[in-house]
Amino acid sequence: KEPRPYHCHHDGCTKSYKRNDHLKRHLLVHTQHKPYKCEHAGCHQRYYLKYHLQRHIKCVHGPPQFCCQFCGSKFQKKRF
């Protein structure tokens with residue numbers, strides 16, 4: 001197992017990482033700063049990473065990604 005020399009020093013957090021940039025990204029979890037806000041009407045979601053906002057918009061507000069092979073219904077998430 002590879003060593004994880006970059007440790008989070010936030011109280012109660014035991015996360016550690018192989019790369020410093022991963023630790024820096026993780027540290028955002030401990031702040032209340034979430035600069036990326038969903039602009040869709042009635043949605044109040046906010047995120048600390050732009051990627052998370054983009055994923056939210058695609059999965060929640062985007063066109064359906066999956067189609068049932070039996071009935072033709074369309075869904076955002078694949079369900080079995």
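**Salt bridges, a buried serine and a helix face**

R19 has a relative accessible area of 45%, so this residue is partly exposed. The model is a predicted one, and R19 is a useful place to enter it. The side chain of R19 forms a salt bridge with D21, and the closest N and O atoms of the two are 2.7 Å apart. D21 is partly exposed as well, because its relative accessible area is 39%, and that value falls between the cut-offs of 20% for buried and 50% for exposed.

How many salt bridges does a search of the whole structure find? The search finds two. Besides the pair R19 and D21, there is a salt bridge between the side chains of E2 and K18, with 3.8 Å from N to O. This pair links distant parts of the chain, since E2 and K18 are 16 residues apart. E2 sits in the segment before strand β1 (6-7), while K18 belongs to the loop between β2 and α1 (20-27). The two partners also differ in their surroundings: E2 is exposed, at a relative accessible area of 54%, whereas K18 is partly exposed, at 40%.

A short step back along the chain leads to strand β2, which covers residues 16-17 and includes S16. Is S16 buried or exposed? Its relative accessibility is 17%, and therefore S16 counts as buried; the cut-off for buried is under 20%. If neighbours within four places in sequence are left aside, the residues in contact with S16 are R4, Y6 and H7. Of these, Y6 and H7 fall in the range given for β1 (6-7).

The next stop is helix α2, which runs over residues 50-61 and has 12 residues. At 1.5 Å a residue the helix should span 16 Å, and its end C-alpha atoms are 16 Å apart, so the expected span and the model agree. Which residues of α2 are buried? They are H52, L53 and H56. Seen down the axis of α2, the buried residues fall within an arc of 100 degrees, and therefore they line one face of the helix. The spacing of such residues follows a general pattern: an α-helix has 3.6 residues a turn, so residues three or four places apart point the same way.

The other side of α2 has exposed residues, namely Y51 and K58. As for the buried residues of the helix, what covers them includes two strands, β3 (36-37) and β4 (46-47).

Technical notes: Residues are numbered from 1 along each chain as its sequence is written. This is a predicted model: local features need pLDDT of at least 70, side-chain atom pairs count only at pLDDT 80 or more; totals for chains, interfaces and linings use all residues. Side-chain values use heavy atoms; hydrogens and water are left out. Helices (H or I, at least four residues) and strands (E, at least two) are DSSP runs, numbered from the N terminus. Buried means under 20% relative accessible area, exposed over 50%, partly exposed in between (1.4 Å probe, protein chains only). Contact means heavy atoms within 4.5 Å. The expected span of a helix is 1.5 Å times one less than its number of residues. The arc is that of the directions from the helix axis to the C-beta atoms. A salt bridge is a side-chain nitrogen of Lys or Arg within 4 Å of a carboxyl oxygen of Asp or Glu.
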